[in-house]
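Got your viewer open? Load the model, switch on side chains, and follow along stop by stop.

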Amino acid sequence: MSDSMPAREGPVPAPEPAPDPAAPAPLGVPRMPTGHAEVDALLERLADADHLAADGHLEVYEDVHRGLRDALTALDTRPHDPSHNHRS
């Protein structure tokens, strides 16, 4: 061993693998809470797509779309309250 090179202790760490540009990566799109628990849960479900390959996104998007559509439909089926009539 040379005096110019210090002795190494322990195993040599393996180099970190280079990032795979084709690997799934979060888009970094912020999701703002709406205050409606059901809608907020559906928006959070969108984060599942961040960890899937592009061919897996469709299932997540369709699931969220279906849930949002159902939430809007539920608004239409609630009993009408005449005190909230906004027509002039």
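Leaving aside neighbours within four places in sequence, which residues is Asp-50 in contact with? Select Asp-50 and look around: Pro-24, Ala-25, Pro-26 and Leu-27 are in contact with Asp-50, where contact means heavy atoms within 4.5 Å.

Before moving on, a word on what you're looking at. This is a predicted model, in which local features need pLDDT of at least 70 and side-chain atom pairs count only at pLDDT 80 or more, while totals for chains, interfaces and linings use all residues. Residues are numbered from 1 along each chain as its sequence is written, and side-chain values use heavy atoms, with hydrogens and water left out.

**Stop 1: the loop**

Stay on Asp-50, which is found in the loop between helix 1 and helix 2. Helices here are DSSP runs (H or I, at least four residues), numbered from the N terminus. Asp-50 is buried yet has no salt bridge. Buried means under 20% relative accessible area, exposed over 50%, and partly exposed in between, with a 1.4 Å probe and protein chains only. A salt bridge needs a side-chain nitrogen of Lys or Arg within 4 Å of a carboxyl oxygen of Asp or Glu. Now add Arg-31: this is the nearest side chain of opposite charge to Asp-50, 4.5 Å away. For charge, Lys and Arg count as positive and Asp and Glu as negative; His and the chain ends are not counted.

**Stop 2: helix 2**

Select residues 54-77 to light up helix 2, which has 24 residues. From first C-alpha to last, helix 2 reaches 36 Å, close to the 34 Å expected at 1.5 Å a residue; that expected span is 1.5 Å times one less than the number of residues. Next, colour Gly-56, His-57, Val-60, Val-64, Gly-67 and Ala-71, which are buried in helix 2. Show residues 37-45 too: that's helix 1, and the buried residues of helix 2 pack against it.

Is Glu-59, also in helix 2, buried or exposed? It's exposed, with a relative accessible area of 61%. Try a C-alpha to C-alpha distance from Glu-59 to Ala-49: they're 10 residues apart in sequence and 8.8 Å apart in space.

**Stop 3: the salt bridges**

How many salt bridges does a search of the whole structure find? Three. Side chains of opposite charge can pair when their charged atoms come close. Start with Arg-45 and Asp-48, whose side chains meet in a salt bridge at 2.7 Å, N to O. Then pick Asp-63, which forms a salt bridge with Arg-45, the closest N and O atoms being 2.6 Å apart. That pair links distant parts of the chain, with Asp-63 in helix 2 and Arg-45 in helix 1, 18 residues apart. Asp-63 also forms a salt bridge with Arg-66, with the closest N and O atoms 3.9 Å apart. Asp-63 and Arg-66 both lie in helix 2, three residues apart, about one turn of the helix. Select Arg-45, Asp-48, Asp-63 and Arg-66 together and you have a network of salt bridges.

As for exposure, Arg-45 is partly exposed at 23% relative accessible area, and Asp-63 is partly exposed at 26%.

Methods. Helix = DSSP H or I, 4+ residues; strand = E, 2+ residues; numbered from the N terminus.
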